[in-house]
Amino acid sequence: MKIGFTTSFPVEIIFAAGHTPVDINNLFITAKPNLSVREAESYGMPRNICSWIKGIYRTVINHNINTIIGVVQGDCSNTHSLMSLLEDDDIEVISFSFPYDHNREKLKTEINQLKEKFGVTYEQIYEVKKELDDIRRLLVKLDKLTYSDKKVSGKENHYWLVNSSDFFGNPIGFKKDLQEFIYQAEYRKVRQQKIQLGYIGVPPIFSDFYDFFDELDANIIFNEVQRQFSMPHLKNDILDQYLSFTYPYSVFKRIEDISEQISKRNIDGIISYSQAFCHRQIDNILLKKYLPYPYLAIEGDTPDIMEERTKLRLESFLDVIRYTDCF
Ligand code: SF4
């Protein structure tokens with residue numbers, strides 16, 4: 001059975017129970033996203049609500065997903081209302097929470113509840129975790145091929161990392177394709193782009209975002225949240241793994257992780273992406289305050305190509321990096 005979910009959570013439990021997890025965000029953005037948003041607005045969802053929420057709602061309905069795990073703490077403040085709408089459509093709603101205070105016992109309780117709901121043992125969960133960790137190790141290698149060996153583009157890095165939230169529901173197939181991709185990438189020439197950028201925030205809703213940088217002699221060599229989805233810390237204990245996942249906790253955890261990665265990767269500037277009408281826009285205040293690098297905050301709204309204004313701002317930002325001492 002397909003089990004939808006609204007953001008990364010201990011997906012090991014779903015695989016262990018013999019079900020197929022589906023990251024609804026990835027399904028939404030690759031399957032007529034504009035139509036889903038319009039349908040949700042016709043149903044009554046307000047214009048000033050994030051497009052991902054509207055898209056997730058319609059994608060669940062349009063793809064006949066009967067059960068959904070809603071991460072009601074640590075992801076999105078709109079998820080509560082989204083879950084109520086889905087419940088009204090006779091969709092089974094299961095909640096999962098990441099404790100804001102990073103409390104180990106509270107997280108353990110959440111994992112235990114999910115484990116009991118799906119009737120699996122820790123032995124089964126760890127068996128799956130071992131297989132997924134093999135893939136995560138490959139993803140760490142892919143990431144290194146991006147920032148160190150410079151053989152993988154920001155777009156490719158994004159694609160593999162963002163899809164590691166559900167492994168396309170098929171970890172064996174995902175691993176085989178990833179191995180093949182890495183094998184071929186290792187034989188590529190080193191990419192020569194002069195400007196190295198870090199991308200922070202939720203994945204972009206723009207369809208042409210990564211291609212845009214190729215044309216401007218720049219590459220994104222750090223995709224913050226996508227990398228977090230790939231659980232790169234490779235912890236043996238499942239609680240440690242989901243406590244190291246920075247996205248659902250306070251912004252200070254993200255700042256620690258971003259700072260470490262930016263200095264390790266020798267990044268020239270940061271692009272911080274936020275979604276229109278998202279509470280995470282507020283995080284830009286502290287991110288900008290504590291990340292001492294050239295910093296540009298941009299915003300996306302509907303799933304589309306980037307508007308000219310955003311392109312112009314990005315071009316100007318790259319010019320500033322290119323023609324100052326920062327570079
Ligand atoms: S972008 Fe923000 S508002 Fe939209 S779904 Fe994600 S957390 Fe929620």
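The exercises below work through a predicted model of one chain, each with a stepwise solution.

Residues are numbered from 1 along each chain as its sequence is written. In this predicted model, local features need pLDDT of at least 70 and side-chain atom pairs count only at pLDDT 80 or more, while totals for chains, interfaces and linings use all residues.

**Exercise 1. Overall dimensions**

Task: Compare the radius of gyration of the chain with the value for a compact globule.

Solution:
1. The radius of gyration is taken over C-alpha atoms, and the globule rule is 2.2 Å times the number of residues to the power 0.38.
2. For 327 residues the rule gives a value near 20 Å, and the chain has 19 Å, so the two agree.
3. Along the principal axes, the C-alpha atoms of the chain fill a box of roughly 60 × 45 × 35 Å.
4. The chain holds 15 helices and eight strands. Helices (H or I, at least four residues) and strands (E, at least two) are DSSP runs, numbered from the N terminus.
5. Two residues are in contact if their C-beta atoms, placed from the backbone, lie within 7 Å. Among contacts between residues at least 6 apart in sequence, 72% join residues at least 24 apart.

**Exercise 2. The two sides of helix H3**

Task: Find which residues of helix H3 are buried and which are exposed, and state what the buried ones pack against.

Solution:
1. A residue is buried if 20 or more other C-beta atoms lie within 10 Å of its own, exposed if 12 or fewer, and partly exposed in between, with C-beta atoms placed from the backbone. By this count, 43% of the 327 residues of the chain are buried.
2. In H3 (residues 33-43), the buried residues are Pro 33, Ser 36, Val 37 and Ala 40.
3. These residues lie on the same side of H3 because they cover an arc of only 95° around the axis. The arc is that of the directions from the helix axis to the C-beta atoms.
4. Asn 34 and Ser 42 are exposed on the other side of H3.
5. The packing partners of the buried residues are helix H2 (24-30) and helix H4 (51-62).
6. After H3 comes Gly 44, with a positive phi near 125°.

**Exercise 3. The nonpolar core**

Task: Identify the residues with the most contacts inside the largest nonpolar core, and the element that gives the most to it.

Solution:
1. A nonpolar core is a set of buried Ala, Val, Leu, Ile, Met, Phe, Trp, Tyr and Cys residues joined through C-beta atoms within 7 Å.
2. The largest such core has 78 residues, and Ile 56 and Leu 197 have the most contacts inside it.
3. H4 gives the most to this core, with five residues.
4. Apart from neighbours within four places in sequence, Ile 56 is in contact with Thr 6, Ile 24, Asn 25, Phe 28 and Leu 82.

**Exercise 4. The ligand shell**

Task: List the residues around the ligand and sort them by class.

Solution:
1. A residue is near a molecule or strand if its C-beta atom, placed from the backbone, lies within 6 Å of it.
2. The residues around the ligand are Cys 50, Trp 52, Ile 53, Asp 75, Cys 76, Asn 78, Val 202, Gln 275, Cys 278 and Arg 280.
3. Ala, Val, Leu, Ile, Met, Phe, Trp, Tyr, Cys and Pro count as nonpolar, Asp, Glu, Lys and Arg as charged, and the others, Gly among them, as polar.
4. Sorted this way, the shell has six nonpolar, two polar and two charged residues.

**Exercise 5. Positive phi outside glycine**

Task: Place His 102 and Lys 150 in the chain and give their exposure.

Solution:
1. Most residues other than glycine have a negative phi.
2. His 102 has a positive phi of about 65°, and its place is in the loop between strand E4 (92-97) and helix H6 (104-117).
3. His 102 counts as partly exposed because it has 15 C-beta neighbours inside 10 Å.
4. For Lys 150, phi is positive and near 55°. Lys 150 is found in the loop between H7 and helix H8 (154-162).
5. Lys 150 has 17 C-beta neighbours inside 10 Å, so Lys 150 counts as partly exposed.

**Exercise 6. Two residues of helix H7**

Task: Decide the exposure of Lys 130 and of Arg 136.

Solution:
1. Lys 130 is in helix H7 (residues 122-147), and Arg 136 is also found in helix H7.
2. Lys 130 is exposed because 11 other C-beta atoms lie within 10 Å.
3. Arg 136 has 19 such atoms within 10 Å and is therefore partly exposed.
4. Leaving aside neighbours within four places in sequence, Arg 136 is in contact with Ser 230, Met 231, Pro 232 and Leu 234.
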